[in-house]
Amino acid sequence: MGILVVLLAAVALVAAGCGGDDDNSSDNANNSSGSQGNTTDNTQSSSSTSSSSGGGGGAASTVKLTADPGGALKFDTTKLSAKAGKVTIVMDNPSSTPHAVEVEGNGVEKATKTLTQGTAKETLDLKPGKYEFYCPVDGHRQAGMEGTLTVQ
Ligand SMILES: [Cu+2]
């Protein structure tokens, strides 16, 4: 039993040492508090990640697209697909050209907000079918920022 306790203590020491290495190996006091902080941060971020993908009421799905990083008038895809139900459209726009995404079809017409250098989201309730998506900013759809969203 004494040996077991010693082993556990050794394992704990090794684990604490590993956690602290990233941060600050020169100062022992900062090192241990830093590694505790890291442990807390990791736990929080991983639990929030799993709750956002796991929770949220059933068959929600997410569809992602990205506007051209160089500011060209195009998305990285012209074809999207999603499961029927709650669908969150996530449009990442890394450029300084304003963009948004609008989804249209089967009685639905809804757009994200228009933004530069950020991520726009909009959750829609979609039935199975074909929808069009496009950037509603003037001239962008005509320039090619459009595609088809298939919902099944
Ligand atoms: Cu646009």
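A residue counts as buried when its relative accessible area is under 20%, and as exposed when that value is over 50%. In this predicted model, that cut-off applies to the residues discussed below, starting with the chain as a whole.

The protein chain contains three helices and eight strands. Read from the N terminus, the order of elements is α-α-β-β-β-β-β-β-β-α-β. Of the 152 residues, 28% are buried. The chain exposes about 9300 Å², and carbon and sulfur atoms supply 53% of that area. Among contacts between residues at least 6 apart in sequence, 57% join residues at least 24 apart.

The interior can be followed through the largest nonpolar core, which has 22 residues. L65, F75, I89, L126, F133 and L149 are the residues with the most contacts inside this core. Two or more core residues come from each of β1 (61-66), β2 (79-82), β3 (85-93), β6 (118-126), β7 (129-134) and β8 (146-151). L126 gives a local view of the packing: leaving aside residues up to four places away in sequence, L126 touches A84, G85, V87, V108, Y131, L149 and V151.

Two other residues of that core, F75 and F133, form the one aromatic pair in the structure. A pair of aromatic rings is described by the distance of the centres and the angle of the planes. For F75 and F133 the centres are 6.0 Å apart and the planes meet at 50°, a tilted arrangement. The pair links distant parts of the chain, with F75 in the loop between β1 and β2 and F133 in strand β7, 58 residues apart. Are these two rings buried or exposed? Both F75 and F133 are buried, so each has a relative accessible area under 20%.

Another ring contact involves a charged side chain. R141 lies over the face of Y134, at 3.9 Å from the ring centre.

The remaining feature is the metal site. Which residues coordinate the copper ion? The donors are ND1 of H99, SG of C135 and ND1 of H140, at 2.0 to 2.2 Å. Along the sequence these donor residues follow the spacing H-x35-C-x4-H. C135 has a relative accessible area of 1% and is therefore buried. H140, at 8% relative accessibility, counts as buried too, because the cut-off is 20%. Water is not among the atoms, so a metal site may look incomplete.

How values were computed. Residues numbered from 1 in each chain as written. Predicted model: local features only at pLDDT ≥ 70, side-chain atom pairs only at ≥ 80, totals over all residues. Heavy atoms only, no water. Donors = N, O, S within 2.8 Å, 3.2 Å for Na, K, Ca; no water. Buried < 20%, exposed > 50% of the residue type's maximum accessible area, 1.4 Å probe, protein only. Core = buried A, V, L, I, M, F, W, Y, C linked by side-chain atoms within 4.5 Å. Helix = DSSP H or I, 4+ residues; strand = E, 2+ residues; numbered from the N terminus. Contact = heavy atoms within 4.5 Å. Phe/Tyr/Trp six-rings, centres within 6.5 Å; stacked < 30°, edge-to-face > 60°. Lys NZ or Arg CZ within 6 Å of the ring centre and 35° of its normal. Areas by Shrake-Rupley, 256 points an atom, 1.4 Å probe, with all protein chains shown as cover.
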